[in-house]
Amino acid sequence: MRRRTLLGTLAAAAVAPAVSGTPAEAATPNRYLGMFREEDPSVAAANVRHLYGVTPASVMWFDSWASGRPFPVDEARTLWRHGIMPHYTWEPWDTALGPNDPAQIHLQDVIDGTWDAYITARAREFAAVRQPILVRWGHEFNGNWYPWGIANNNADPSLYVRAHRHVHDRVSAAGARNVQWVWAYNNGSSPDTPYNDPAAAYPGDRYVDWIGIDGYNWGFGPSWDPAGDHWTTFTATIDAAYAKSRAIAPRKPVMLGEFASTEDGGDKAQWLKDLDTVLRSGAYPDLRLLTYFDLTKEEAWSPNSSPAALAAFKTWVQRWYMNGRGHELARIARP
């Protein structure tokens, strides 16, 4: 992906799922709703409840290493008081610099220990939450748009593996055993070459709790291909990437770390209805957390981009199988 450039009263009690009526639905696992909105996590959680009538199981936010910001321990504890699992996307870069700027953070810097003090400081803050948190480090590494991408690090996936393990081990050594690690790739590699196959950058089961997939329905004429038609169904968006996750680490649960649909080039409301139908059918049984990118940025990703899309989104997130809460989500990877 090319991107990144009120606390209200939240219902924390779990809602018992309704009894489903078909054999396929009877076999449908509980799925969990994650949300990203470009605002403070507790504000985002309150706004999701207000806008869509549901309490998300998790709320995600982003931070870059060069910001130097501490992890918001109090914010994470507030989320947990309302039954919401924090989801922290931890990006090893300086957002003010290009991916190949000589002063940018690259994987060898991580491996060499240049950022060890920073990692340890954040890890102690993770531990201070005293509740499980999701940490998605160095996501979309099979793209060429981030400085930690394999394409920007000598086309050598082993550097990503070593960096990921280094960060994991530093965090664990600092006592943050409450972290659930998300290893997340984009649904398509750029460039699509053997060295950039996500399987080559898998750190190993010991270092990963969740397999993450990022994938968007870009529709017609995205910024990176103004004349192209990239409208894809939900199934086409994730199918190959999901199959890859089962080949790489079949015992690990899967999440969509980011996903959404545009309005351009098709029927977004129908896209969301089809998503609901697919999930209710029991397809992708290991796909448990779906984090929707609720933002209008490169495209009109937000659910409220049209009245029809909003209605379809609200119907989906209020389904019986989407009623899971954060404490249940936290047990999936570590029962």
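**Entry 1. Aromatic pairs**

I looked up Tyr88 and found that this residue counts as buried, because its relative accessibility is 1%. The model I consulted is a predicted one. I then searched for pairs of aromatic rings, and the count came to 39. One of them joins Trp61 and Tyr88: the ring centres are 5.8 Å apart and the planes stand at 55°, so I entered the pair as tilted. Trp61 belongs to strand β2 (residues 58-64) and Tyr88 to strand β3, so I noted with the tilted geometry that the pair links distant parts of the chain, 27 residues apart. Trp61 also counts as buried, with 9% relative accessibility.

I recorded a further aromatic pair, Tyr216 with Trp218. Their centres lie 6.1 Å from each other and the angle between the planes is 45°, which is again entered as tilted. Both Tyr216 and Trp218 are buried.

**Entry 2. The barrel**

I next followed the strands. Eight of them close into a barrel, and the order I read is β1-β2-β3-β4-β5-β6-β9-β10, with parallel pairing. On average, neighbouring strands of this sheet are turned by 30° against each other, direction ignored.

I checked several of the pairings one by one. Strand β3 (residues 85-91) runs parallel to strand β4 (residues 133-137), and four bridges join them. At this junction Thr89 stands opposite Arg136 of β4. Strands β4 and β5 are likewise parallel and joined by four bridges. Here I found Val135 opposite Trp181 in β5. To pass from β4 to β5 the chain goes through helix α6 (residues 157-173), and I noted this β-α-β crossover as right-handed. Between β5 and β6 I counted five bridges, again in the parallel sense. Trp183 has Ile211 of β6 as its bridge partner.

**Entry 3. Strand β5**

How many residues of β5 are buried? I found eight of the eight, so the strand is largely enclosed by the rest of the structure. I also sorted the side chains by direction. Val179, Trp181, Trp183 and Tyr185 point one way, whereas Gln180, Val182, Ala184 and Asn186 point the other way; all are buried.

**Entry 4. Helices across the strands**

I looked at two helices that lie over the barrel strands. Helix α7 (residues 234-248) lies across β5 (179-186), β6 (210-217), β9 (254-261) and β10 (287-293). I read its direction as about 160° to β6. Helix α9 (residues 307-317) lies across β1 (32-36), β9 and β10, and runs at about 135° to β1.

**Entry 5. Salt bridges**

A search of the whole structure gave me 14 salt bridges. I examined three of these in detail, beginning with Arg136, the residue already noted opposite Thr89.

Arg136 forms a salt bridge with Glu258, and their closest N and O atoms are 2.7 Å apart. The pair links distant parts of the chain, since Arg136 sits in strand β4 and Glu258 in strand β9, 122 residues apart. Is this pair buried or exposed? I found Arg136 to be buried, and Glu258 as well.

Arg334 and Asp209 meet through their side chains in a salt bridge of 2.7 Å, N to O. Arg334 lies in the segment after α10 (326-333) and Asp209 in the loop between β5 and β6, so the pair ties together parts that are 125 residues apart in sequence. I noted Arg334 as partly exposed, with a relative accessible area of 34%. Asp209 counts as buried, because its relative accessibility of 12% is under the 20% cut-off.

Glu39 forms a salt bridge with Arg37, in which the closest N and O atoms are 2.5 Å apart. Glu39 is partly exposed, at 26% relative accessible area, whereas Arg37 is buried, at 15%. Which residues are linked with Arg37 in a network of salt bridges? I found Glu39 and Asp294 in that network.

Key: Residues numbered from 1 in each chain as written. Predicted model: local features only at pLDDT ≥ 70, side-chain atom pairs only at ≥ 80, totals over all residues. Heavy atoms only, no water. Pairing = 2+ DSSP bridges. Axes fitted to C-alpha atoms, helices over the stretch in contact; angles between N-to-C directions. Contact = heavy atoms within 4.5 Å. Buried < 20%, exposed > 50% of the residue type's maximum accessible area, 1.4 Å probe, protein only. Right-handed = clockwise from strand over helix to strand, strands pointing away. Salt bridge = Lys/Arg side-chain N within 4 Å of Asp/Glu carboxyl O. Phe/Tyr/Trp six-rings, centres within 6.5 Å; stacked < 30°, edge-to-face > 60°.
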